[in-house]
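Subject: Structure for your review

Dear colleague,

Please find below the structure that I would like to hand over to you. My notes on what was found in it follow directly after.

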Amino acid sequence: MLLPAKAEVARHLRRYRSWERAMLASPGDRAVRAAFEDSGYTLCVLMGKRCAREAAEAAERYLRNSAGTYLRERNGRGRPKGPARNGAHAHRHSPAER
């Protein structure tokens, strides 16, 4: 899977947050609202999300993590499973529970 350059994601996330602040300061300004919606749409396309808020959260996660970690989280796999920590034992299901 191709991922956008982190510099581009950071630039578009800054733009989105800037327009978000401007829109909150002037909610009745149609030009500000249009620019905010446009920046949200661009972030959605860049991050592959349908909602601007989700796209902004995904962009923040992407910028915080490595590409591999981001892809695992995006695909719903989370962290790789390893041995149990702190002496805790993994619960094993009986064949009837599987």
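Just after helix α2, Gly48 takes a positive phi of about 70°. Please keep in mind while reading that this is a predicted model.

Helix α2

Helix α2 covers residues 30-47. At 1.5 Å a residue, its 18 residues should span 26 Å, and this agrees with its end C-alpha atoms, which are 26 Å apart. At the start of the helix, a side-chain oxygen of Asp29 comes to within 3.0 Å of the backbone nitrogen of Ala31. The buried residues of α2 are Val32, Ala35, Phe36, Ser39, Gly40, Leu43, Cys44 and Met47.

The nonpolar core

In soluble globular proteins, nonpolar side chains tend to be buried together. Which residues have the most contacts inside the largest nonpolar core? They are Leu43, Met47 and Ala59, in a core of 14 residues. The elements that give two or more residues to this core are α1, α2 and α3. Leaving aside residues up to four places away in sequence, Leu43 touches His12, Leu13, Tyr16, Ala55, Ala56 and Ala59.

Salt bridges

How many salt bridges does the structure hold? There are 5 salt bridges, and I describe some of them here.

One of them pairs Asp38 with Arg15, with the closest N and O atoms 3.3 Å apart. This pair links distant parts of the chain, since Asp38 is in helix α2 and Arg15 is in helix α1 (residues 6-25), 23 residues apart. Asp38 is partly exposed, with a relative accessible area of 38%. Arg15 is also partly exposed, and its relative accessible area is 30%. As a further note on position, Asp38 and Ala52 are 14 residues apart in sequence, and their C-alpha atoms are 9.8 Å apart in space.

Another salt bridge joins the side chains of Arg17 and Glu60, at 2.7 Å from N to O. Arg17 lies in helix α1 and Glu60 in helix α3 (residues 52-64), so this pair ties together parts that are 43 residues apart in sequence. Arg17 is partly exposed, with a relative accessible area of 22%. Glu60 counts as partly exposed as well, at 30% relative accessibility.

A salt bridge is also found between the side chains of Glu37 and Arg33, at 3.9 Å from N to O. Because Glu37 and Arg33 are 4 residues apart in helix α2, about one helical turn separates them. Glu37 counts as partly exposed at 48% relative accessibility, and Arg33 counts as partly exposed at 36%. Elsewhere, salt bridges that share partners join Arg17, Glu20 and Glu60 into one network.

Is Glu20, a member of that network, buried or exposed? At 14% relative accessibility, Glu20 counts as buried, because the cut-off for buried is under 20% relative accessible area. Glu20 lies in helix α1. Not counting residues up to four places away in sequence, Glu20 touches Phe36 and Arg53.

Cysteines

A disulfide is a covalent bond between the sulfur atoms of two cysteines. How many disulfides does a search of the whole structure find? The search finds 0 disulfides. Cys44 is in no disulfide, and the nearest cysteine sulfur, that of Cys51, is 6.5 Å away. Cys51 is likewise in no disulfide, with the sulfur of Cys44 being the nearest cysteine sulfur. Why does this pair not count as a disulfide? The two sulfur atoms are 6.5 Å apart, and a disulfide requires them to be within 2.5 Å, so the pair does not qualify. As for their surroundings, Cys44 is buried, with a relative accessible area of 10%, whereas Cys51 counts as partly exposed at 32% relative accessibility.

When you open the structure, I suggest that you begin with helix α2 and its buried residues, including Leu43 and Met47. From there, you may turn to the salt bridge between Asp38 and Arg15, and then to the network of Arg17, Glu20 and Glu60.

With kind regards

Terms used
Residues are numbered from 1 along each chain as its sequence is written. This is a predicted model: local features need pLDDT of at least 70, side-chain atom pairs count only at pLDDT 80 or more; totals for chains, interfaces and linings use all residues. Side-chain values use heavy atoms; hydrogens and water are left out. A salt bridge is a side-chain nitrogen of Lys or Arg within 4 Å of a carboxyl oxygen of Asp or Glu. Buried means under 20% relative accessible area, exposed over 50%, partly exposed in between (1.4 Å probe, protein chains only). Contact means heavy atoms within 4.5 Å. A nonpolar core is a set of buried Ala, Val, Leu, Ile, Met, Phe, Trp, Tyr and Cys residues joined through side-chain atoms within 4.5 Å. The expected span of a helix is 1.5 Å times one less than its number of residues. A polar contact is a pair of N or O atoms within 3.5 Å; within protein, one must be able to donate a hydrogen and the other to accept it, and residues adjacent in sequence count only if both atoms are side-chain atoms.
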